[in-house]
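User: Could you take a close look at one part of this model for me? I'd like the aromatic side chains and their surroundings walked through in one go.

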Amino acid sequence: KNVSVDCFSCLLVDHAHDRGVTTIVRGLRAFSDFEYEFQMALMNRQMASDLETVFFMPREEFSYVSSSVVREIALMGGDVGRFVPAAVKTALEKKAAAMGDA
């Protein structure tokens, strides 16, 4: 109930403050993700010391899943059902169909 996913086009710290957010949740798939995310978390802390960043690691079977690769598979007509929830699969299929009509 107290978690949401949101899109925005400003600094994360500004958006968090606008929404009354105190904790930012980020996912780490690999060690290379940690380096980038760690830098971002430290920069965010410098800009807004009241925000806390929490990192989650995926289950092993999802550690290699990349949104850009999943999107490419879907747009090329591949089945992404094992990588994403049903609602995301449906949305990707609709997008692929719409792009095919263009």
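Analyst: Here is a walk through one helix and its aromatic rings. First, the ground rules: this is a predicted model, where local features need pLDDT of at least 70, side-chain atom pairs count only at pLDDT 80 or more, and totals for chains, interfaces and linings use all residues. Residues are numbered from 1 along each chain as its sequence is written, and side-chain values use heavy atoms, with hydrogens and water left out.

The part to look at is helix α2, which covers residues 31-47 and holds Phe38. Helices here are DSSP runs (H or I, at least four residues), numbered from the N terminus.

Now the rings. A pair of aromatic rings is described by the distance of the centres and the angle of the planes. Rings of Phe, Tyr and Trp (its six-membered ring) pair if their centres lie within 6.5 Å; planes under 30 degrees apart count as stacked, over 60 as edge-to-face and the rest as tilted. That rule gives three aromatic pairs. One of them joins Phe31 and Phe34, whose centres are 6.1 Å apart with planes at 25°, so this pair is stacked. Those two residues sit three apart in helix α2, which puts about one helical turn between them. Phe34 also pairs with Phe38, again stacked, at 5.3 Å centre to centre and 25° between the planes. Phe34 and Phe38 are four residues apart in helix α2, so about one helical turn separates them too. Ring pairs tie Phe31, Phe34, Phe38 and Phe55 into a cluster.

How much of this is open to the outside? Buried means under 20% relative accessible area, exposed over 50%, and partly exposed in between (1.4 Å probe, protein chains only). Phe31 is exposed at 67%, while Phe34 is partly exposed at 32% and Phe38 is partly exposed at 40%.

Phe31, Phe34 and Phe38 also join Leu42 in a nonpolar surface patch of about 410 Å². Patches take residues with over 30% relative accessible area and no salt bridge, joining like charges within 9 Å and nonpolar side chains (Val, Leu, Ile, Met, Phe, Trp, Tyr) within 5 Å. A salt bridge is a side-chain nitrogen of Lys or Arg within 4 Å of a carboxyl oxygen of Asp or Glu. The areas come from the Shrake-Rupley method with a 1.4 Å probe; for residues, only the protein chains shown count as cover.

Asn44 belongs to helix α2 as well, but this residue is buried, at 9% relative accessible area. Beyond its neighbours within four places in sequence, Asn44 is in contact (heavy atoms within 4.5 Å) with Leu12 and Val13.
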